[in-house]
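Me: I'd like a close look at one part of this model: one strand and what packs and pairs around it. Could you walk me through that, with enough of the whole chain to place it?

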Amino acid sequence: MKIVLGAIADDFTGATDLANNLVREGMRTLQVIGVPATPLQLDDVDAVVVALKSRSCTASQAVSQSLDALNWLKAQGARQIFFKYCSTFDSTPRGNIGPVADALLESLGASQTVMVPAFPVNGRTVYQGHLFVGDRLLNDSGMEQHPLNPMTDADLVRVLSQQSKWPVGLLNHSVLKGGATAARAHLDQANDKGLRHVICDSLDEDDLQAIAGAVVDFPLVTGGSGLGQALPAEYRGRGWFSHTADAGQLEPASGGALVLSGSCSRATLVQIADFLKHYEGFALDPLALAASDAHYHEALNFARDRVGRGVPLIVYASAAADRVQQAQERLGVTASGDLVEAALANLAKTLVNEGVGRLILAGGETSGAVVSALGIKALRIGSQIDPGVPWTQAQIDGRDKPLSLALKSGNFGAENFFTRAFEVLQ
Ligand code: ADP
């Protein structure tokens, strides 16, 4: 059987976020970590999301990984390719959204694609090409202080124009009010003018549905998981798949409960403070990690002790912007990030080995590092905790029961996300 949707996601949490929305729309979805090296059984799968770690590497690495994923998905017969990036358009003037979209378009021989980052249910909307997070413009949302890809401009046509070799158009809200037909006519006109990328406004689900209706037969679409929520209805309308009611059913969870956080996003900092009202935590300091191994072992012993007693706990490097900047100035941006990611990955490996069975990871890059260290190749997507974040399950070598895993992208989740996530699992 051929899969309907083949997605290429530029980070792990983003991949899960998309997969979550596909499952909620009744698509049986498998998330694979990187391009599978061995053939997979995809008979009962409607959509596959390939999770890459291509958001913050060089543009040429991101292009080459994405083209590998594209070729694999084409070999599985995917009817439509979806390039998934963050709803806050995480990128830098060098990429990687523009160069990857350029390369995918070229490889597919397609003339045009859309850019639809909006995820209205999570407060990410686009109006006149400007991205908002809640009621703030992107560059005033906290994202301007992101450790790896600070977003200092909310005008996405301008942002993408710096990254892509082709001119960028806009499908604005007034056109979308005319529905899918009007949107398609506008896209066709843009195509005639050589506008190969079109940033799409979207304020709500109706706008996303109009866009989905306009682009369902495009070889390539790009955007956030909001578009992923809208597309399945269009696929169903064409008889490409039929809705599965229990597409997100998982085995019961078991084992110790641990949160590991490397996300310094505003939402995560609030969620950590809330969790610490109920449970204990250990704050990892990159400067202390750099100084000696003692700090890591202190964290490990702290966690071991509590996991053994069955109490949920958190180990976090997450810190406010001034502390992050201090570490980055002393150690370098990449080195401080790598140090934190390596420490969290080693903690995860050791503690899962010792009985942690319910693990929450906060941060896109952080999740990528930990999931790779755990050797996880594929995730079954389960029920949603908060918009964009489902529980998932993975098989781990040496464990008879699957590991329950939640990958939370920085800005996602309500204030009580961590405590509630464990409750939802009961
Ligand atoms: P988010 O999803 O919030 O963007 P990420 O995990 O993708 O979170 O990115 C956060 C980055 O910041 C990671 O590379 C992480 O290792 C790094 N980091 C976390 N804590 C600190 C800190 N205290 N100092 C410097 N860098 C940090």
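Reply: Sure, let's start with the whole chain and then zoom in. This is a predicted model, and its secondary structure comes to 15 helices and 18 strands. The radius of gyration is 21 Å, which agrees with the value near 22 Å that a compact globule of 426 residues would have. Along the principal axes, the C-alpha trace spans about 65 × 45 × 35 Å. Of the 426 residues, 58% count as buried. Contacts reach far along the sequence too: among those between residues at least 6 apart, 75% join residues at least 24 apart. On the outside, the chain exposes about 16300 Å², with carbon and sulfur atoms supplying 48% of that area. For your electrostatics, there are 34 positive and 44 negative side chains, and the centres of the two sets lie 2 Å apart.

Now for the strand I'd pick, β11, which covers residues 220–223. Both of its faces are covered: L220 and T222 are buried on one side, and V221 and G223 are buried on the other. As for its pairing, strands of a sheet pair through backbone hydrogen bonds, either parallel or antiparallel. Strand β11 pairs in the parallel sense with β4 (residues 80–84), over four bridges. If you want a register point there, K84 has G223 as its bridge partner. Strand β5 (residues 113–116) also pairs with β11 in the parallel sense, this time over two bridges. There the register point is M115, whose bridge partner in β11 is T222.

Follow β4 onward and you get to the loop between β4 and α3, where F89 sits. F89 is not a glycine, yet its phi is positive, at about 55 degrees. With a relative accessibility of 0%, F89 counts as buried. The loop between β4 and α3 (97–108) also holds N96. A cis peptide bond joins G95 and N96, with omega at about 10 degrees. So if you're checking backbone torsions, that loop gives you F89 with its positive phi and the cis bond between G95 and N96.

Residues of β4 come up again around L5, which is found in strand β1 (residues 5–9). L5 is buried, at 0% relative accessible area. Leaving aside neighbours within four places in sequence, its contacts include Q80 and F82, and β4 spans residues 80–84. The other contacts of L5 are L22, M27, D46, A47, V48, A78 and Y235. L5 and V45 are 40 residues apart in sequence, while their C-alpha atoms are 9.8 Å apart in space.

For contrast with the parallel pairing of β11, have a look at the open sheet β6-β7-β8, where three strands pair antiparallel in that order. Strands β6 (124–127) and β8 (136–137) stand at the edges, each with a single partner strand, so one side of each is left without a neighbour in the sheet. Strand β7 (residues 130–133) joins β8 through two bridges, and F132 stands opposite L137 in β8. Between β6 and β7, the loop holds Q128. Like F89, Q128 is not a glycine, and its phi is positive, at about 50 degrees. Q128 counts as partly exposed, at 36% relative accessibility, whereas F89 is buried at 0%.

Note on methods:
Residues are numbered from 1 along each chain as its sequence is written. This is a predicted model: local features need pLDDT of at least 70, side-chain atom pairs count only at pLDDT 80 or more; totals for chains, interfaces and linings use all residues. Side-chain values use heavy atoms; hydrogens and water are left out. The radius of gyration is taken over C-alpha atoms; the globule rule is 2.2 Å times the number of residues to the power 0.38. Buried means under 20% relative accessible area, exposed over 50%, partly exposed in between (1.4 Å probe, protein chains only). Contact means heavy atoms within 4.5 Å. Accessible areas come from the Shrake-Rupley method with a 1.4 Å probe; for residues, only the protein chains shown count as cover. Lys and Arg count as positive and Asp and Glu as negative; His and the chain ends are not counted. The place of a charge is taken as NZ of Lys, CZ of Arg, CG of Asp or CD of Glu. Two strands pair if DSSP finds at least two bridges between them.
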